[in-house]
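Please look over the sequence and the model shown here before reading the notes, which are grouped by topic.

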Amino acid sequence: MARHVIAPVGELPPGTRKFLEIDGRPIAVFNIKGEYFGLMNRCPHQGAALCEGPLIGLAQSSDPGEIEYTKLGEIIRCPWHGWEFDIRTGQSYCDPRRFRAKAYPTHVEPGAAVVKGPYVAETVTVKVESDYVVVEL
């Protein structure tokens, strides 16, 4: 699985998303309360730019007339037909047996680990001060 450095953590604060293309694949990386998730920016229903839809919550009911909203900001709604997907897993809430958005493992690595390599700077001092968001494809 190839690793791709996306951005310093400070460029993706909680509640935001970053759109990018990796190896021809449209991807969005989300920061949900300090946790990072990568999702294919294509709805498996009819190909819309899924990750451009609104972030919502999940309405659940255990009894008639009782509605509880959970997973606030963790569900993405497709802008074309309103299909809903869990950002953490890609699970569809419209047809979970047939449809799932492609989710990519995403995590934070220390800045020094991301830039570590066989590099030697002859006259330039290199200093890494930030952590970076990394997505794995």
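**Briefing on the predicted model**

In this predicted model, strands E5 and E6 form a hairpin with two residues between them, and Gly-65 in the turn has a positive phi of about 80°. The hairpin belongs to a protein whose secondary structure comes to one helix and 10 strands. The notes below take up the strand pairing, an aromatic pair, the cysteines and the overall figures.

**Strands and their order**

- Along the sequence, the elements follow the pattern β-β-β-β-β-β-β-β-β-α-β, with the helix and the strands numbered from the N terminus.
- Strand E5, which covers residues 55-63, runs antiparallel to E6 and is joined to E6 by six bridges.
- Within this pairing, Leu-58 stands opposite Thr-70, a residue of E6.

**The aromatic pair**

- A search of the whole structure finds one aromatic pair, formed by Trp-83 and Phe-99, with 5.0 Å from centre to centre and 80° between the planes, an edge-to-face arrangement.
- The pair links distant parts of the chain, since Trp-83 lies in the loop between strand E6 (66-77) and strand E7 (84-86), while Phe-99 lies in the loop between E7 and strand E8 (103-104), and the two residues are 16 residues apart.
- Both partners of this pair, Trp-83 and Phe-99, are buried.

**Cysteines without a disulfide**

- Why does the structure hold zero disulfides, when the sulfur of Cys-43 has its closest cysteine sulfur in Cys-78?
- The two sulfur atoms are 3.8 Å apart, which is too far for a bond, because a disulfide requires a pair of cysteine sulfur atoms within 2.5 Å.
- Taken from the other side, the cysteine sulfur closest to that of Cys-78 is the one in Cys-43, again at 3.8 Å and too far for a bond.
- Cys-43 counts as buried, with a relative accessibility of 3%, and Cys-78 likewise counts as buried, with a relative accessibility of 4%.

**Overall figures**

- Of the 137 residues in the protein, 36% are buried.
- If one considers the contacts between residues at least 6 apart in sequence, 46% of these contacts join residues at least 24 apart.
- The accessible surface of the protein comes to about 8,400 Å², and carbon and sulfur atoms account for 50% of this surface.

Terms used:
Residues are numbered from 1 along each chain as its sequence is written. This is a predicted model: local features need pLDDT of at least 70, side-chain atom pairs count only at pLDDT 80 or more; totals for chains, interfaces and linings use all residues. Side-chain values use heavy atoms; hydrogens and water are left out. Rings of Phe, Tyr and Trp (its six-membered ring) pair if their centres lie within 6.5 Å; planes under 30 degrees apart count as stacked, over 60 as edge-to-face and the rest as tilted. Helices (H or I, at least four residues) and strands (E, at least two) are DSSP runs, numbered from the N terminus. Buried means under 20% relative accessible area, exposed over 50%, partly exposed in between (1.4 Å probe, protein chains only). Two strands pair if DSSP finds at least two bridges between them. Contact means heavy atoms within 4.5 Å. Accessible areas come from the Shrake-Rupley method with a 1.4 Å probe; for residues, only the protein chains shown count as cover.
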